[in-house]
Amino acid sequence: MTTVLTPASPLTAADRCDRCGAQAYLRVVLLSGGELLFCAHHGRKFEPELKKIAAEIQDETGRLTATPASASDEDR
């Protein structure tokens, strides 16, 4: 039997950190089947322990440092 995993949907502003309620940038799918959401701060803080219990970690913290396109770039 082959299991096909569907890619996780991108995190949005509605996704909140389970620890502090800030916007979530990490989704941790647990080996036990659940999932946890973390802001960048708490994701870094708990990373060593999360890696031990995670089946998958979706890390979108790169969005925090990405430079948005300026209006003049969009006109080209």
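This passage describes the confidence, sheet, aromatic pair and salt bridges of a predicted model.

The mean pLDDT of the chain is 86. A score of at least 70 is reached by 82% of the residues. Confidence peaks in strand β2, at 97. Helix α2, residues 71-74, has the lowest confidence, with a mean of 57. At the start of the chain, residues 1-5 stay under a pLDDT of 50. For residues 1-5 the model has zero contacts beyond four places in sequence.

The sheet is open and has three strands. Their order is β2-β1-β3, and the pairing is antiparallel. Strands β2 (35-38) and β3 (54-59) form the edges, and each pairs on one side only. From one strand to the next, the twist averages 15 degrees. In general, the strands of a sheet pair through backbone hydrogen bonds. Strand β1 covers residues 26-30 and is joined to β2 by four bridges. These two strands run antiparallel. Within this pairing, R27 has L37 of β2 as its bridge partner.

The loop between β1 and β2 contains G33. G33 is exposed because its relative accessible area is 61%, over the 50% cut-off. Along the chain, G33 and A55 are 22 residues apart. Their C-alpha atoms are separated by 8.5 Å.

One aromatic pair is present in the structure. The pair is formed by F38 and F46, whose ring centres lie 5.9 Å apart. Their planes meet at 55 degrees, so the pair is tilted. An angle over 60 degrees would be needed for edge-to-face, and one under 30 degrees for stacked. The two residues also have their own accessibility values. F38 is buried, at a relative accessible area of 6%. F46 is partly exposed, at 24%. The value for F38 falls in the buried class because that class lies under 20%.

Four salt bridges are found in the structure. In general, side chains of opposite charge can pair when their charged atoms come close. One of the four links E35 and R27, with the closest N and O atoms 3.4 Å apart. R27 is buried, at a relative accessible area of 8%. E35 is partly exposed, at 45%. R27 thus appears in two descriptions: it is the bridge partner of L37, and it forms a salt bridge with E35.

Another salt bridge joins E49 to K52, with 3.2 Å between the closest N and O atoms. Both residues belong to helix α1, which spans residues 40-53. E49 and K52 are three residues apart, about one turn of the helix. E49 is partly exposed, at 48% relative accessibility. K52 reaches 58% and counts as exposed, because the cut-off for that class is over 50%.

A further salt bridge pairs R63 with E60. The closest N and O atoms of R63 and E60 are 2.5 Å apart. E60 is buried, with 12% relative accessible area. R63 is partly exposed, with 40%.

How values were computed. Residues numbered from 1 in each chain as written. Predicted model: local features only at pLDDT ≥ 70, side-chain atom pairs only at ≥ 80, totals over all residues. Heavy atoms only, no water. Pairing = 2+ DSSP bridges. Axes fitted to C-alpha atoms, helices over the stretch in contact; angles between N-to-C directions. Phe/Tyr/Trp six-rings, centres within 6.5 Å; stacked < 30°, edge-to-face > 60°. Buried < 20%, exposed > 50% of the residue type's maximum accessible area, 1.4 Å probe, protein only. pLDDT = per-residue confidence, 0-100. Contact = heavy atoms within 4.5 Å. Salt bridge = Lys/Arg side-chain N within 4 Å of Asp/Glu carboxyl O.
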